[in-house]
Number of protein chains: 2
Amino acid sequence: MEVLKRRAFSLWPPFYRSRAAFFTTKDYSAVASTQTLCSRTESQNREAFRQAVVNTLERRLFYIPSFKIYGGVAGLYDYGPPGCAVKANVLAFWRQHFVLEENMLEVDCPCVTPGIVLEASGHVDKFTDLMVKDEKTGTCHRADHLLKDFCKDKLEKDPGLSAEKVAELRHVLAVLDDFSADELGAKIKEYGITAPDTKNTLSDPYPFNLMFQTSIGPSGSSPGYMRPETAQGIFVNFKDLYYYNGNKLPFAAAQIGQAFRNEISPRQGLLRVREFTLAEIEHFVDPEDKSFAKFSDVSDLELYMFPREDQMAEQPARRISIGEAVSQGIVNNETLGYFIGRVYMFLTQLGIDKDRLRFRQHLENEMAHYSVDCWDAEIESSYGWIECVGIADRSAYDLHAHTGKSRVPLVAFEKYQQPREVEKLVIVPVKKELGLAFKGNHKMVVEALEAMGNKEAMEMKASLEAKGEAEFHVCRLNEVVTIKSNMLSISTEKKKEHQRVFTPSVIEPSFGIGRIIYCLYEHSFYTRPSKDGDEQVNVFRFPPLVAPIKCTVFPLVQNQQYEEVAKQIAKSLTAFGISYKIDVTGTSIGKRYARTDELGVPFAVTVDSSSSVTVRERDSKKQIRVNVDEVAPVVKQLTDGVRTWTDVLSRFPTHSS
Amino acid sequence: MEVLKRRAFSLWPPFYRSRAAFFTTKDYSAVASTQTLCSRTESQNREAFRQAVVNTLERRLFYIPSFKIYGGVAGLYDYGPPGCAVKANVLAFWRQHFVLEENMLEVDCPCVTPGIVLEASGHVDKFTDLMVKDEKTGTCHRADHLLKDFCKDKLEKDPGLSAEKVAELRHVLAVLDDFSADELGAKIKEYGITAPDTKNTLSDPYPFNLMFQTSIGPSGSSPGYMRPETAQGIFVNFKDLYYYNGNKLPFAAAQIGQAFRNEISPRQGLLRVREFTLAEIEHFVDPEDKSFAKFSDVSDLELYMFPREDQMAEQPARRISIGEAVSQGIVNNETLGYFIGRVYMFLTQLGIDKDRLRFRQHLENEMAHYSVDCWDAEIESSYGWIECVGIADRSAYDLHAHTGKSRVPLVAFEKYQQPREVEKLVIVPVKKELGLAFKGNHKMVVEALEAMGNKEAMEMKASLEAKGEAEFHVCRLNEVVTIKSNMLSISTEKKKEHQRVFTPSVIEPSFGIGRIIYCLYEHSFYTRPSKDGDEQVNVFRFPPLVAPIKCTVFPLVQNQQYEEVAKQIAKSLTAFGISYKIDVTGTSIGKRYARTDELGVPFAVTVDSSSSVTVRERDSKKQIRVNVDEVAPVVKQLTDGVRTWTDVLSRFPTHSS
């Protein structure tokens, strides 16, 4: 559907656009975060725009602060009727665009998760934020947020800062995401940062686990958590899913569901919440072949990419085709590239502005050590650039972790046409010596030695032969130990193998559905003067795919005959599966249009005779005249995308009111 | 779509059907539970049938025990790919059939719920089961289950029981759901019941709250729970939803989402689980007018109803039209009747056998004191009659409870055409006297007095005037106190009123989606001999609406030309939004059909030429010949229900293999 007068009366000044690529509120984008500073006018404009959007959203119940009559709970929101419909439409399209298109294996796992699963994934140990407490009131704050706010505030409001101080604060902003608890604590002390509201002194920072904890069963002895992501449910099912797929790679599994993070102090409204819907894909692939059969379908797509090097060099994001990005090695492999392209198509078809969408590569310090390459789809909003989709090549980490913990091998097989002779590593730990050396920890050392890869083992062998000992990092101990040559033997033997056994790599596109929807609201919102006068009308220019209600029906005037026709049309819309709203109040037609524009309803049917009626398109405000019988089929074609409004305009007589 | 040879080779013997109406495993159907005993052969047949269904479901990943590689967790299950698709189809149909059809206001609230909301609803105090502990191992058991099992087992396996003893045990089964902790404990002692596995002695029964508890935010001072139902999220939003609906009654709100119950010891496989999807409707209505505008749409529907009186008289369920049931006063009101009809249509369109579906009225002892009337849609399965949908007229209870706790009036208004003169009750508690009499409890007494309804107040007034005192039940104290005439004054005054302010009643259809799906599996399952020989093929006769995959595509033989055609068809199926599975293995065509029959795929496209192909219907096994271009449109029409298989059979040449 064509969209006229695009952002014609937007509150958001156009000059803002030119700086778009420099803004971010991401917590862990080190370089980008030095660029988060914008002028005060600009930030006031953003604030005003956001208020206009949020007021409309709250007034029309797109969302509601949860448990409002009890004072609400920070970070919890309900989707009201139009919001709920938008969400259902976004998820239905996600299923169509990803699951159906790629024949993905969709699963649906519980939110309640036993502790052991999240121990294996690392969440029990590491899914933490550093917290400080107000020493008098006990109120909790995120330590990094306080330091970040302090630095930004200083830089924005203190014009008398020396060049040296400016550089220092910018440096802190750039590196604070890497700070340890001690480093953060030291900076907070050094800058004299106190609790925001009370100005009381703060405790030292300490880690707070962000998972909601609970207990499974009545005995109290089985700790459980509300899952912080849906991915783990897929990983633990790898074996069954691989079998279901005929023991063939690649294949993808997908899951849509609730995830939970007990944020220390939620802020940024709908963007940082304690419960949210994730849609995650785990695409399992042979680590030796990350090509993608359908890559050519997306390779010509041009989109804004923001590679690591450009971020470090403080360059803006640049338009580049996915094909080029992969062939130049900017994006690590075809599979990652394919998903970047599909994510781009998904978001722009929903109505995200393609010029305010970029794919930002993670910096080295943002990525976990096992990650090969990560790209975030970031959408620009009044809060800055928001990470809405993460697309990560996580290598074999997750399957490895669960294999180790569960002792169930989560592996794939490649049958050789002919048996191959291979050198096979034989690692034999001498448990007695290891026991003497490492006492209670020796089991963990043994396990770590046995799990060594080829390269690591050969290096150790060389070192043991040369020096009689070798340094060795034991993950589970988080310690480097010294291994002596009497503690293990490493050798290789030749063997005939009929198949290769390997742990697949996983490429994970992970969608924060609520964030995407919020950004969509901002990108779809504009205002225009109402017909009646200088009052402004708020409009959401949702594409029909997303619109919570596809169509309104109202009689031009209150009159039984027209009401009958309206009801007849309503009935046929239901039969066609089209959501509609009927409005038989005597309110002026202009007001009724305004009400539905505010809900983003793309088409309005006005009954002004009993044989034919008018159909109005929301953004162009143009109207056509359609026979009563044809209304539902025409609206169905428009909302299904079978016909565009332009097609329809040329097929039916236009109507001017 | 027509279904041939219905249950032709079912494992389940037909004689079973005649006793169907007498079977139940419901926990709280007192009378019905005396009728749960069936012969051993019958129960073996059920067991065998269930095993056949469950084996197929597990093997084909309709579901997977959650976290299986870690040994699983009782009461938690994943939906694997076909199960997940069935669930998505059921939910999409639910939205179409209920939300869209009635223009319901759908909301989506978080699972994490602050304590105060569930205190108001009564869940914190009362959502408990009685538990006993194995005194040596600490293993927990549901007290009522142990007693029930004991009684049933005795009745089934001990032929030497005296008539007196049989009567006693039957009586216990009939009333045990009303037993207090003490009564249950006494019976367990009297019968010498011990722990099932260990035979150790058991503790006294004590209440265990079934909600998963957690803590919201980092301070540990805000207790929260994972919601045990979705309904509360709707009730707390009543005010906003009423406004959204133009301050008009009746209207319905709806919610689909996860709910959680920390069962003491889950059993019955997929039927009693710790996390499940609920779909709930809260239809708000003026308590003085529970008529329903569209009631005539369902009034002629005939279905099995099982009214309270028939249960008490040990009569079977009987077929009756909804119109009659309401006019005879069997069903309390039109709104309840309308939803019973719509639920019937929903379930039978999904594929639930209408002869194994009944609507059972709650007995007096099953209903909460505030409930007006409750009906359960029960579906017969190998476990007996399973409550899958509850349809309850809960009066104004929930809105009252939240009004009381939050102090936000959740009420509706009816504007009078002309002001009316009304007698208004004036209750003035004398706080000093009440304080002296009830000390720390006086506030609760005052609140309870102020909350008296008209009738109660006038009765008290009469009693105070006659006897100088009156008995008064204070809910929150759960105590009857004596009120003296110096403690309050009750009078009436005449007032002009311009509107009526009242708390709406709520009629609540609540759907256990997982239970419906499991029963659907059983009702859809049958076996037939395979083409190749005496091996049996398992088939799910899902209607296209429900089928996880609508269509399979396979080349008759491995050959590049056929594979190309298959891919072309696959592509057009995707474009039409039809889920399909392509199978290019060289397996025999019979085996490939068998594989897809087991997934309940209704249509199979076999490529045996490059111009036209065959389309086979799963249950009749008949085939037609269709041009390649027409395949996707034809399958689309079949799966959308626009055409039936019979239509299609007459339009296209049939094909015999």
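These legends go with several close-up views of a predicted model with chains A and B.

**View 1. Helix α20 of chain A and its surroundings.**
Let's begin with a single helix. Helix α20(A) runs over residues 560–575, which makes 16 residues. From its first C-alpha to its last it reaches 23 Å, close to the 22 Å expected at 1.5 Å a residue. Which residues of α20(A) are buried? They are Tyr562(A), Val565(A), Ala566(A), Ile569(A), Ala570(A), Leu573(A) and Thr574(A). The cover over these buried residues includes four strands of chain A, namely β24 (551–555), β25 (580–582), β26 (603–607) and β27 (612–617). Helix α22 (631–640) of chain A is also part of the cover, and so is a piece of the partner chain: α4 (81–100) of chain B.

**View 2. The two ends of helix α20 of chain A.**
Now look at where this helix begins and ends. At the start of α20(A), Asn559(A) brings a side-chain oxygen to within 2.8 Å of the backbone nitrogen of Gln561(A). Just after the helix comes Gly577(A), which takes a positive phi of about 75 degrees.

**View 3. Where chain A meets chain B.**
Here the two chains come into contact, with 73 residues taken from chain A and 73 residues from chain B. How can we put a number on such a meeting? The size of an interface is often given as the accessible area lost when the parts come together. For chain A and chain B this buried area is about 6200 Å², and carbon and sulfur atoms give 65% of it. Three residues, Ile69(A), Tyr70(A) and Tyr244(A), supply 13% of the area that chain A buries against chain B, more than any other three residues.

**View 4. Polar and charged partners across the contact.**
How many salt bridges are there between chain A and chain B? The count is 4. Take a look at Lys68(A) and Asp240(B), which form a salt bridge with their closest N and O atoms 2.7 Å apart. Between the chains there are also 20 residue pairs in polar contact, counted where both residues have pLDDT 80 or more. On the side of chain A that touches chain B, the largest share comes from helix α4 (residues 81–100) of chain A, with 8 residues. That side divides into 41 nonpolar, 18 polar and 14 charged residues.

**View 5. A salt bridge between distant parts of chain B.**
Over all chains, the whole structure holds 86 salt bridges. In one of them, the side chains of Arg342(B) and Glu102(B) meet at 3.8 Å, N to O. Arg342(B) lies in helix α14 (residues 334–350) and Glu102(B) in the loop between α4 and β3 (105–107) of chain B, so the pair ties together parts that are 240 residues apart in sequence. Are these two residues buried or exposed? Arg342(B) has a relative accessible area of 7% and is buried. Glu102(B) is buried too, at 19%, because the cut-off for buried is under 20%.

**View 6. Two further salt bridges in chain B.**
Arg318(B) pairs with Asp310(B) in a salt bridge whose closest N and O atoms are 2.7 Å apart. Arg318(B) is partly exposed, with a relative accessible area of 35%, whereas Asp310(B) counts as buried at 12%. In another salt bridge, Lys424(B) and Glu497(B) have their closest N and O atoms 3.5 Å apart. This pair links strand β17 (residues 412–429), home of Lys424(B), with strand β20 (residues 488–502), home of Glu497(B), and the two residues are 73 residues apart. Lys424(B) is partly exposed at 34% relative accessibility, while Glu497(B) is buried at 19%.

**View 7. Glu102 of chain A and a network of salt bridges.**
Which residues are linked in this network of salt bridges? They are Glu101(A), Glu102(A), Lys294(A) and Arg342(A). Find Glu102(A) in the loop between α4 and β3 (105–107) of chain A. At 18% relative accessibility, Glu102(A) counts as buried. Its side chain makes a polar contact with the side chain of Lys294(A), at 3.1 Å. Leaving aside residues up to four places away in sequence, Glu102(A) touches Phe292(A), Lys294(A), Tyr338(A) and Arg342(A).

**View 8. Helix α14 of chain A.**
Helix α14(A) spans residues 334–350, and its end C-alpha atoms are 24 Å apart, in agreement with the 24 Å that its 17 residues should span. This helix is mostly covered, with 13 of its 17 residues buried. At its start, a side-chain oxygen of Asn333(A) reaches to within 3.2 Å of the backbone nitrogen of Thr335(A). Just after α14(A), Gly351(A) takes a positive phi of about 120 degrees.

Definitions and conventions: Residues are numbered from 1 along each chain as its sequence is written. Chains are lettered from A and ligands numbered from 1 in the order in which they are written. This is a predicted model: local features need pLDDT of at least 70, side-chain atom pairs count only at pLDDT 80 or more; totals for chains, interfaces and linings use all residues. Side-chain values use heavy atoms; hydrogens and water are left out. The expected span of a helix is 1.5 Å times one less than its number of residues. Buried means under 20% relative accessible area, exposed over 50%, partly exposed in between (1.4 Å probe, protein chains only). Contact means heavy atoms within 4.5 Å. A polar contact is a pair of N or O atoms within 3.5 Å; within protein, one must be able to donate a hydrogen and the other to accept it, and residues adjacent in sequence count only if both atoms are side-chain atoms. Buried area is the accessible area (1.4 Å probe) that two parts lose on being put together, summed over both. Ala, Val, Leu, Ile, Met, Phe, Trp, Tyr, Cys and Pro count as nonpolar, Asp, Glu, Lys and Arg as charged, and the others, Gly among them, as polar.
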